[in-house]
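The paragraphs below walk through one chain, starting with a pairing rule and ending with helix packing. Keep the structure open while reading.

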Amino acid sequence: MIATLSFTGWLLVARDYLPDPEWVHFGFSLFLGSILAAVVLVIRARNLEGVEKLRMGDRVRQIEMESALSQTERARRGEEEARRALEGAIVQVRESEQRFRGLADATFEGVVIFRNGHVVDANTRAAELFGVSVPQLLGAPVLNLVAEGSMDDAARVLEGGGGHGEGLDLDASRYDGSLFPMAVSVVSTVHQEKNAKVMVIRDITDRRRVELVLRRALEEAEGNSRAKSTFLANMSHELRTPLNSVIGFANILMKRLGDELPVREMDYLKRIQSNGEHLLSLIDDILDLSKIDAERMEIVREPLQLDELVGEVLRTLDVQARKMGLELRSEVPGELRPLVADARRMLQILLNLAGNAVKFTPSGSVTIRVLAEEDSGRPARIEVSDTGIGIPAYRLEEIFSPFNQVDSSSARSFGGTGLGLTIARSLCELMGFDLYATSRKGEGSTFVIELDPGRGPRAHDRPSALNAGSVGEPTG
Ligand code: ADP
């Protein structure tokens with residue numbers, strides 16, 4: 001194109017200056033030259049393009065090769081990594097297996113792994129327990145380890161599913177046929193990539209021995225306690241009978257020979273009688289206390305009329321109170337519901353409290369007071385108060401423990417054993433009541449039977465008594 005244009009241009013310019021034939025010659029050679037130059041230019045351009053194309057192809061191929069290479073490299077590296085991970089895993093598995101084995105061997109318990117009822121692994125302790133070596137255990141039926149008598153239980157535990165440990169005491173059978181008690185627990189596990197079960201075995205021979213010794217000791221103690229109670233019951237009977245006749249005959253002699261006997265002999269008879277009675281009450285108290293101790297005190301629950309009970313106490317103590325010049329009185333509300341309690345034991349308690357009150361009151365009065373809930377008329381508490389010698393504050397609780405008397409000369413001057421209040425409080429508690437004392441030294445004392453122990457000052461000491469509720473109407 002350029003050649004044609006330049007040729008035409010040259011032709012127009014040269015036509016004016018050159019002679020005709022020269023002009024033609026010149027024009028033609030110029031034309032050829034231009035064509036040639038154009039051809040050369042085209043070929044060169046073509047060549048350049050081809051080379052460029054070739055070069056680009058090479059580049060592409062090189063890139064492709066490079067990427068292929070890097071891919072292979074990556075693949076190789078991946079493989080390497082995977083191999084290394086695998087090796088690590090193998091090492092870990094081996095380590096954890098070793099750790100497991102170490103742990104299993106170190107533990108005091110026997111460990112047996114079994115699958116389909118047959119042992120697949122065991123620790124040395126297990127082998128030791130059954131008197132064999134580990135290889136001897138492998139492959140053996142797991143039930144071989146259990147004594148004949150424990151088979152059923154064992155089958156239930158060993159075959160029972162679930163991943164939770166099930167514990168059971170079984171008799172184990174050693175390879176030599178001897179038996180030992182074992183505690184087993186079984187859990188599901190995976191062993192060598194397959195489901196299996198682990199049985200953990202503990203030899204409980206020592207525990208059994210201790211249990212046996214304890215059971216024997218307990219039986220012996222129970223036997224002893226029973227024997228003691230029986231002994232006391234028999235003894236009290238054996239003692240009471242002759243004692244009653246001693247007291248009875250002393251009474252007869254005093255009555256019959258009252259006027260004939262010299263004063264001194266009469267005094268002997270009186271001592272026989274009073275000491276006999278003291279001994280009798282002591283025997284009764286000790287028997288009661290031993291029954292309470294052995295938890296053999298039987299309490300009857302029956303509806304009882306407190307006014308009648310209080311009346312009986314007054315009648316019993318009347319002579320004694322009169323002798324001492326004391327006023328003995330009662331305050332019982334007119335409308336009073338029956339109390340559910342053991343009448344004989346309630347009488348015993350009230351006689352003890354009122355008897356003490358009379359005993360420790362040189363002058364003044366003794367009052368038995370029953371208080372009731374205003375709306376329901378239910379008996380709420382019974383108070384026995386006196387205007388006697390009183391009890392120092394620091395002894396108010398002590399007097400409820402056995403053989404405790406405020407004054408050690410008390411037994412001599414007032415008689416008594418120091419067991420009465422101990423028994424009274426225990427009896428109250430057995431009936432669901434509470435017993436405590438308040439006092440002012442020199443002014444008198446008040447003993448309170450709280451029939452609803454949830455209210456008494458000792459309520460927080462014995463929370464169990466809160467539910468004892470025997471107060472109120474009889475049931476049925
Ligand atoms: P005892 O058989 O000696 O009376 P108790 O257990 O009944 O035994 O009483 C223990 C002690 O508590 C008595 O010895 C006495 O010191 C004191 N006591 C009991 N009741 C009273 C009271 N009402 N007034 C003063 N002291 C009392």
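Two strands count as paired if DSSP finds at least two bridges between them. The model examined here is a predicted one. Under that rule, strand β1 (residues 110-115) is joined to strand β2 (residues 118-122) by four bridges, and the two run antiparallel. Within this pair, Val-112 has Ala-122 of β2 as its bridge partner. The two strands make a hairpin with two residues between them, and Asn-116 in the turn has a positive phi of about 50°.

Ahead of this hairpin in the numbering is helix α2, which spans residues 20-106 and holds both Glu-73 and Arg-76, three residues apart, about one turn of the helix. Side chains of opposite charge can pair when their charged atoms come close. Glu-73 and Arg-76 form a salt bridge, with 2.9 Å between the closest N and O atoms. For the model, the count of salt bridges comes to 20.

Further along, Leu-168 is found in strand β3 (residues 166-173). Which residues does Leu-168 contact, leaving aside its neighbours within four places in sequence? They are Asp-153, Arg-156, Val-157, Met-182, Ala-183 and Val-184. Of these contacts, Met-182 is 14 residues from Leu-168 in sequence, while the C-alpha atoms of the two are 8.3 Å apart in space.

The next stop is a sheet. Strands of a sheet pair through backbone hydrogen bonds, either parallel or antiparallel. This one is open, has five strands in the order β7-β9-β10-β12-β11, and shows mixed pairing. Its edges are β7 (327-331) and β11 (434-440); each has a single partner strand, so one side of each is left without a neighbour in the sheet. On average, and with direction ignored, neighbouring strands of the sheet are turned by 15° against each other.

The sheet can be followed strand by strand. β7 and β9 run parallel and are joined by five bridges, with Glu-327 bridged to Ser-365 in β9. Between β9 and β10 the pairing is antiparallel, over seven bridges, and Ile-368 stands opposite Val-384 in β10. The hairpin of β9 and β10 has six residues between the strands, and Gly-377 there takes a positive phi near 75°.

From β10 (residues 379-386) the order continues to β12 (residues 444-450), an antiparallel pairing over five bridges. Here Arg-381 is placed opposite Glu-450 in β12. The last pairing joins β11 to β12 by seven bridges, and these strands run antiparallel. Tyr-436 stands opposite Val-448 in β12. β11 and β12 also form a hairpin, with three residues between them, and Gly-442 in the turn has a positive phi of about 85°.

Which strands does helix α11 touch where it packs on the sheet? Helix α11 (residues 420-430) touches β11 and β12, and its direction makes about 135° with that of β11.

Helix α11 also packs against other helices. With helix α7 (residues 263-293) the packing angle is about 40°, and the axes are 10 Å apart. α7 and α11 are therefore oblique to each other, an outcome that follows because the oblique class takes angles outside the ranges under 35 degrees, 65 to 115 and over 145. The crossing of α7 and α11 is left-handed. On the α7 side, Asp-285, Asp-288, Leu-289 and Ile-292 meet a set of α11 residues that includes Gly-420, Ile-423 and Leu-427. The residues of this contact divide into five nonpolar, three polar and two charged.

The other helix to consider is α9 (residues 343-359), whose axis comes within 10 Å of that of α11, the two crossing at roughly 145°. This crossing, too, is left-handed. From α9, residues including Arg-345, Ile-349 and Leu-353 meet residues of α11, among them Gly-420, Ile-423, Leu-427 and Cys-428. The contact of α9 with α11 divides into seven nonpolar residues, four polar and one charged. Gly-420, Ile-423 and Leu-427 of α11 thus appear in the contact with α7 and in the contact with α9.

Notes:
Residues are numbered from 1 along each chain as its sequence is written. This is a predicted model: local features need pLDDT of at least 70, side-chain atom pairs count only at pLDDT 80 or more; totals for chains, interfaces and linings use all residues. Side-chain values use heavy atoms; hydrogens and water are left out. Axes are lines fitted to C-alpha atoms, for helices over the stretch in contact, and angles run from 0 to 180 degrees between N-to-C directions. Contact means heavy atoms within 4.5 Å. A crossing is left-handed if the near helix is turned anticlockwise from the far one by less than a right angle, and right-handed if clockwise. Ala, Val, Leu, Ile, Met, Phe, Trp, Tyr, Cys and Pro count as nonpolar, Asp, Glu, Lys and Arg as charged, and the others, Gly among them, as polar. A salt bridge is a side-chain nitrogen of Lys or Arg within 4 Å of a carboxyl oxygen of Asp or Glu.
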